[in-house]
Amino acid sequence: STSTKMSANGVAAHCCETPGCNAEAKLQCPTCIKLNIQGSFFCSQNCFKGYWESHKLRHKKPRSPWFSEQLDQYLQYFPGYAYFKRAVTQFKNISGISDSSTPYNPWPYYAFSGSLRPYPQTTKKEVPPSIGRPDYADDPNGFPHSEQKVRGAANIKCLSDEEKEGMRVACKLAREVLDEGVKVADIGVATDEIDRVVHEAAIERECYPSPLNYHGFPKSCCTSVNEVICHGIPDMRPLQNGDICNIDVTVYHRNFHGDLNETLFIGEVSSIAKNLVKTTWECLQKSIEIVKPGVKYREVGSLIQKHAHSQGFSVVRSYCGHGIHQLFHTAPSVPHYAKNKAVGVMKPGHTFTIEPMISEGTWKDEQWPDNWTAVTADGKLSAQFEETLLVTDTGVEVLTQRRDRNGQPYFMD
Amino acid sequence: MGDEDDIPMLVGEDDEDETIPELVKVEDKPRVPLTILTGYLGAGKTTLLNYILKEQHNKKIAVILNEFGEGSSMEKSLSIGHEGDLFEEWLELRNGCLCCSVKDKGVKAIENLMRKRGKFDYILLETTGLADPGPIASIFWMDRQLGSDLYLDGIITVLDAKYAEKVGRSRVLLAPTSSTFMLLKDSRNLNEKKPEGVVNEAVKQVALADLLIINKTDLVDETQLKAVTDLVSTINGSAHMVYTQRCRIDLNKLLDLHAYDKFDNDLFERSLSTRFFDGASHLDQRVQTVTVEVEGSMSPSSMDYFIDVLLWDRSLTNSAGEPVNIYRMKGIVSMIAESQRFMLQVVQQLYELEPIGYWEIDSPRTCKFVLIGENLEQEKIDDLLRTCVTLSSEFS
């Protein structure tokens with residue numbers, strides 16, 4: 001059979017998860033399968049036993065006392081259950097029975113993976129022409145021609161001292177703008193309102209809000225609630241008690257972009273949400289700690305995945321960190337999962353983001369028909385944190401660092 | 001900042017003393033191979049495609065014409081051959097943020113289509129005549145972790161045996177002292193491209209091929225055929241070569257190349273020896289195949305250094321000071337204190353080092369590589385490798 005032929009000369013489809021063991025893995029942990037935890041491949045029962053004390057932490061997640069969630073977890077075991085759930089959701093959607101009380105239904109035949117629904121959006125905002133804009137701001141499709149020019153070229157720019165200063169200023173302003181957005185985020189406040197505040201705060205600081213019209217994005221920041229992984233479009237939905245909400249701000253100031261994001265608690269959130277957000281933040285902090293000249297970009301993912309998995313969570317793989325300076329998104333590409341083929345080694349003068357997206361359940365993502373909103377495939381929660389970093393001669397400078405409250409994340413305030 | 005006590009862990013009944021379960025066999029969903037088909041206009045790609053679709057009528061084969069270009073087109077057509085029928089389908093290229101997205105939109109479009117219409121048996125991606133297959137290969141050679149439904153099987157280049165005369169944009173000189181041909185770089189006409197100086201696309205297509213189909217052999221005589229073979233082998237000494245007329249080929253040779261996840265030892269051994277043939281010294285090719293083999297093992301940091309110098313930093317040069325530019329590299333490496341053999345696969349700047357089988361006990365540990373690229377010199381690569389390798393008599 002082809003599979004045995006492959007194992008003699010070919011790369012194994014799966015590699016044993018025990019740290020340090022590189023053997024081909026043809027076995028899988030049945031508990032993980034039952035709990036719908038992806039991966040968990042091992043080469044042998046013995047190797048698995050050796051790693052058991054650490055591995056079993058993946059099974060141990062805070063379980064809700066709610067019967068429906070336990071039943072849901074049990075029913076995952078039955079084939080067809082996922083489809084059944086989706087069919088019910090779709091039926092609810094079409095027939096107007098919805099978890100949200102909005103009649104707005106732009107995609108009647110779309111089967112949402114979770115309970116979040118889109119709300120109407122307000123009209124596109126303008127930025128005064130006196131503020132310097134990136135090339136895509138005025139392109140009819142928002143196409144970033146300058147980025148396209150260097151696309152594929154993997155050489156990573158080393159910034160001059162002047163450019164580094166430009167980045168420092170842009171990033172400091174980005175943090176200030178995010179501060180403003182965070183201040184208004186609360187129960188009953190629509191994400192559109194957060195966007196309005198962010199938009200105005202950027203303009204006040206002579207900044208163009210980078211997301212606006214980037215590849216046609218309609219708003220000035222991304223607001224990602226609950227199961228939305230990233231790129232959520234601000235709309236008229238009011239934040240609810242128990243939501244987690246990520247606000248992703250990027251500003252363009254005097255030819256440089258600064259990019260950061262944080263996930264906030266809205267009101268009282270569940271214990272699993274707390275753990276998820278805390279773990280995600282820790283993933284970012286741990287990866288920042290290893291940034292220094294000589295480190296390969298592909299190592300970032302190993303660290304993040306290790307920590308996320310230790311808490312029973314998964315790492316979103318479809319989106320990655322990116323180089324940033326005069327261009328919004330450019331080389332290097334920084335995946336957040338282990339065993340990736342990221343090109344490049346960190347050098348003094350490199351500027352880039354690390355922005356891990358960590359999910360409660362599956363790592364898989366889906367996209368809403370708006371072609372932007374990324375959601376978890378199972379409708380469970382996802383959190384994210386991001387900073388823009390500069391590699392120094394000896395380590396790293398967190399350009400978007402929060403200056404007050406000892407640099408702690410907002411959810412800890 | 002709180003500690004673990006902040007977050008109470010609600011424990012279910014089976015959490016208390018979880019016993020170690022018995023592992024179960026992994027159920028792998030089969031992935032769909034994608035082959036990149038390249039070659040100059042008129043070489044015979046279309047003939048080959050039609051032949052495949054006709055001969056493999058019991059398989060569901062998708063043919064995509066033209067690579068995914070840049071720009072903001074929303075749809076791309078794709079032909080599916082099945083049961084002798086050929087029908088059109090549409091790939092939705094969804095725009096939106098491609099920026100921080102790891103998968104190319106073309107990949108996502110194919111995956112979405114397969115989700116709706118079922119999986120293909122294989123996918124053939126036919127590029128335009130002047131395409132550089134390198135970046136296309138990079139798109140489809142995805143991290144295993146992404147769990148994509150498709151994988152890159154290999155690159156097939158179709159050549160017209162009357163090659164030298166048919167090539168449009170390159171300039172060709174007949175070397176006065178031998179019957180071999182030289183292809184010159186066409187820097188004066190195509191200077192909009194890469195800063196290192198331009199290499200003719202045809203050369204790149206040959207260099208990156210895993211399978212070279214030398215077609216229209218009925219139109220050339222033996223001397224010409226040998227000349228083309230020699231030329232092409234010098235550029236790429238590490239590809240399978242097949243001679244055809246009207247692209248009639250044994251289809252088993254075409255499929256399951258596994259060029260990126262398997263190491264073909266026979267092919268490697270052959271490439272070690274086929275470099276040495278009459279007239280080799282007359283060829284002054286900018287793009288060549290070089291093989292190196294050194295006894296010993298590498299450490300993770302020496303491997304990092306080797307990769308960095310060759311692929312990323314590009315600090316290695318030839319004797320004339322011109323920088324080495326690797327297109328493709330394959331190797332089997334011995335790593336210190338590892339009983340497994342490691343396979344290195346490289347295309348452009350992407351590399352992967354994966355365990356693949358075990359060293360036989362008491363067999364000598366070696367590191368061997370075949371490299372295809374610009375400005376390669378055997379001695380220079382050999383020297384570099386020797387600085388990265390340590391000899392050791394015993395490993396655990």
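Contact here means heavy atoms within 4.5 Å. With that in hand, two helix pairs can be followed through this predicted model, one in chain B and one in chain A.

In chain B, helix H9 spans residues 300–312 and helix H10 spans residues 378–388. Their axes lie 9 Å apart and the helices pack at an angle of about 155°. Since angles over 145 degrees count as roughly antiparallel, H9(B) and H10(B) are therefore roughly antiparallel to each other. Their crossing is right-handed. On the H9(B) side, the meeting residues are B:Ser302, B:Tyr305, B:Phe306, B:Val309 and B:Leu310, and H10(B) offers B:Ile381, B:Leu384, B:Leu385, B:Thr387 and B:Cys388 in return. Sorted by class, this contact holds eight nonpolar and two polar residues, with no charged ones.

Turning to chain A, the pair of interest is helix H7, residues 161–184, and helix H8, residues 191–204. Here the axes come within 8 Å and cross at roughly 150°. By the cut-off already used for chain B, H7(A) and H8(A) are therefore also roughly antiparallel to each other. The crossing of this pair is right-handed. H7(A) contributes A:Val177, A:Glu180, A:Gly181 and A:Val184, which meet A:Ile194, A:Val197, A:Val198, A:Ala201 and A:Ala202 of H8(A). The class breakdown for this contact is seven nonpolar residues, one polar and one charged.

How values were computed:
Residues numbered from 1 in each chain as written. Chains lettered and ligands numbered in written order. Predicted model: local features only at pLDDT ≥ 70, side-chain atom pairs only at ≥ 80, totals over all residues. Heavy atoms only, no water. Axes fitted to C-alpha atoms, helices over the stretch in contact; angles between N-to-C directions. Helix = DSSP H or I, 4+ residues; strand = E, 2+ residues; numbered from the N terminus. Parallel < 35°, antiparallel > 145°, perpendicular 65-115°, else oblique. Left-handed = near helix turned anticlockwise from the far one by under 90°. Nonpolar A, V, L, I, M, F, W, Y, C, P; charged D, E, K, R; others polar.
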